[in-house]
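Hi there,

Here is the structure I promised to pass on. Please have a look at it first, and then read my notes below.

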Protein chains: 2
Amino acid sequence: MSLDHAATVLVVDDEPQIVRALRINLSARGYKVITAHDGTAALKAVAETKPDVVVLDLGLPDMDGTEVIGGLRGWTTVPIIVLSARGDSADKVEALDAGADDYVTKPFGMDELLARLRAAVRRSAVSPVDGAEAIVDTGSFTIDLAAKKVRREGKEVHLTKTEWGVLELLVRNRGRLVAQKQLLHDVWGPTYETESHYLRVYLAQLRRKLEPEPSRPRHLLTEPGMGYRFEI
Amino acid sequence: MSLDHAATVLVVDDEPQIVRALRINLSARGYKVITAHDGTAALKAVAETKPDVVVLDLGLPDMDGTEVIGGLRGWTTVPIIVLSARGDSADKVEALDAGADDYVTKPFGMDELLARLRAAVRRSAVSPVDGAEAIVDTGSFTIDLAAKKVRREGKEVHLTKTEWGVLELLVRNRGRLVAQKQLLHDVWGPTYETESHYLRVYLAQLRRKLEPEPSRPRHLLTEPGMGYRFEI
DNA sequence: TCGGGGCGTCAAGAGGGCGTCATCCAGGGT
DNA sequence: ACCCTGGATGACGCCCTCTTGACGCCCCGA
């Protein structure tokens, strides 16, 4: 899916010079780079921008590194590469067992970090299973999962980030029922699992934009009490 | 799938003392350990025994380490952790880009290696998501457990949340008797274990929707005084 | 033969979930 | 500083589903 050169990297570090060095090197290699300078911002950034990989410094000002890892692992499997000045075996074990994917000690070689980053992205990029067609056509409208575009009667339909998040999850599970909890969890984050009202609002918006008869949906179906389902 | 304590590790190294140390430590932690002392044997061993993770020394007598990695990556995504005495950045990059998942330099801490191994196994254990098609066919109707769909004579039958809860539990225990108490406990909750009237109502509804002759059920059977049973 | 418990069936009321619309608020761009 | 988009939240009516009650049947033992 997301090729290396299109991958988004979240860099979490409170040392400006490290952030700067990483930003320069990563950008030069075609990665999209976003940054956070503490744990709270990191959790927020992951929930909002869904990066393809996280580079996480353990020495953050506001919370312990393993807490950040734990906060992420509760609801996402995004690869996490830990950066740390501490090379103790115990630190590595703790971080890895908390859910980190790799552990690099400072000072680190940029080449090595980049290689480990490629490895992490490659691994997680394999999973988008399904052998899925990147373009799904319902007859009423088409969804291009790779390009993140939706067309209806030839014209492109603009979707907001949240609308796309809902639609993508449903389309990737086409034919299958997706539980309300899962939608809320994956699109909004782990603390929104009970806000089913959001789903009603956004499904209504998607239907209005995509369905020929929004009040009689043929593709974005509700299974009362259970969840939603996308049918072609 | 394979839990940590049941995971199989292939150790590929030509130094007997390393193999011995790994075998002892891994076995002590409940891993099943198999070994290979050169690249050819390693490729053969992976094909034959399908290990959950490979620990690969780069300094093998018969072939280059990256060749081994390449030979594996052509057809399997099994996690590969490289062990190497050479800590050059270039070596790491080469191995990782060839398809390795991690790179540990000798001498290594056993704790760290074990933690990285756990991380690698954990990652790959997550992916076998929606493996098996879970479709049950009775001849009269079919149940798709993954999609939460029921079809009868080609047409989809709509079930409510509670109806589906009852049917799913029975189907997942197909052929076995499911006690009333268990059904009520699992579908309605622990405080409903005596409300057997619910079961009568819902079994009747399911039969009406699914059975060819609802009054003569062939699949959703009552065992008077005990519970219900689903038969194909 | 009679009575009771378990079961199946039907029906109706109540509550909750859903769709819809309107409003408020924050953030980003001009 | 302003506007404008998009997200969050509340109000409201409708429909479906769950729940509950009533009743008849069958099987069993008394």
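Before the DNA part, one term: a residue is near a molecule or strand if one of its heavy atoms lies within 4 Å of it. By that rule, 20 residues surround DNA strand C, and the closest are Gln180(A), Arg207(A), Thr222(A), Thr222(B) and Gly225(B).

Some housekeeping: this is a predicted model, in which local features need pLDDT of at least 70 and side-chain atom pairs count only at pLDDT 80 or more, while totals for chains, interfaces and linings use all residues. Residues are numbered from 1 along each chain as its sequence is written, chains are lettered from A and ligands numbered from 1 in the order in which they are written, and side-chain values use heavy atoms, with hydrogens and water left out.

**DNA strand C**

Of the strand C atoms within 4 Å of the protein, 62% belong to sugar or phosphate and the rest to bases. Three side chains of chain A have a polar contact with a phosphate oxygen of this strand (a pair of N or O atoms within 3.5 Å; within protein, one must be able to donate a hydrogen and the other to accept it, and residues adjacent in sequence count only if both atoms are side-chain atoms). The distances are 2.5 Å for Thr222(A), 3.2 Å for Tyr228(A) and 3.5 Å for Arg200(A). The elements that give two or more residues to this surface are α8 of chain A and α8 of chain B (helices, H or I, have at least four residues and strands, E, at least two; both are DSSP runs numbered from the N terminus). By class, the surface has 6 nonpolar, 10 polar and 4 charged residues. Here Ala, Val, Leu, Ile, Met, Phe, Trp, Tyr, Cys and Pro count as nonpolar, Asp, Glu, Lys and Arg as charged, and the others, Gly among them, as polar.

**DNA strand D**

Strand D is surrounded by 18 residues, and the closest are His158(A), Thr162(A), Tyr198(A), Thr162(B) and Tyr198(B). Sugar or phosphate accounts for 69% of the strand D atoms within 4 Å of the protein. On chain B, phosphate oxygens of strand D lie 2.8 Å from a side-chain N or O atom of Trp188(B), 3.0 Å from a polar side-chain atom of Thr160(B) and 3.1 Å from one of His158(B). In both chains, α6 (161-172) and α8 (196-210) each supply at least two residues of this surface. Its residues divide into 8 nonpolar, 8 polar and 2 charged.

**Where the two chains meet**

How many residues of chain A are in contact with chain B? There are 30, and they touch 31 residues of chain B (contact means heavy atoms within 4.5 Å). About 2,600 Å² is buried between the chains, with carbon and sulfur atoms giving 47% (this is the accessible area, 1.4 Å probe, that two parts lose on being put together, summed over both). In chain A, Arg116(A), Arg123(A) and Met226(A) lose the most area to chain B, together 19% of what that side buries.

The rule finds 9 salt bridges across this interface (a side-chain nitrogen of Lys or Arg within 4 Å of a carboxyl oxygen of Asp or Glu). One of them joins Asp102(A) to Arg116(B) at 2.6 Å, N to O. The interface also holds 20 residue pairs in polar contact. α5(A) gives the most to chain A's side, with 9 residues.

Best wishes
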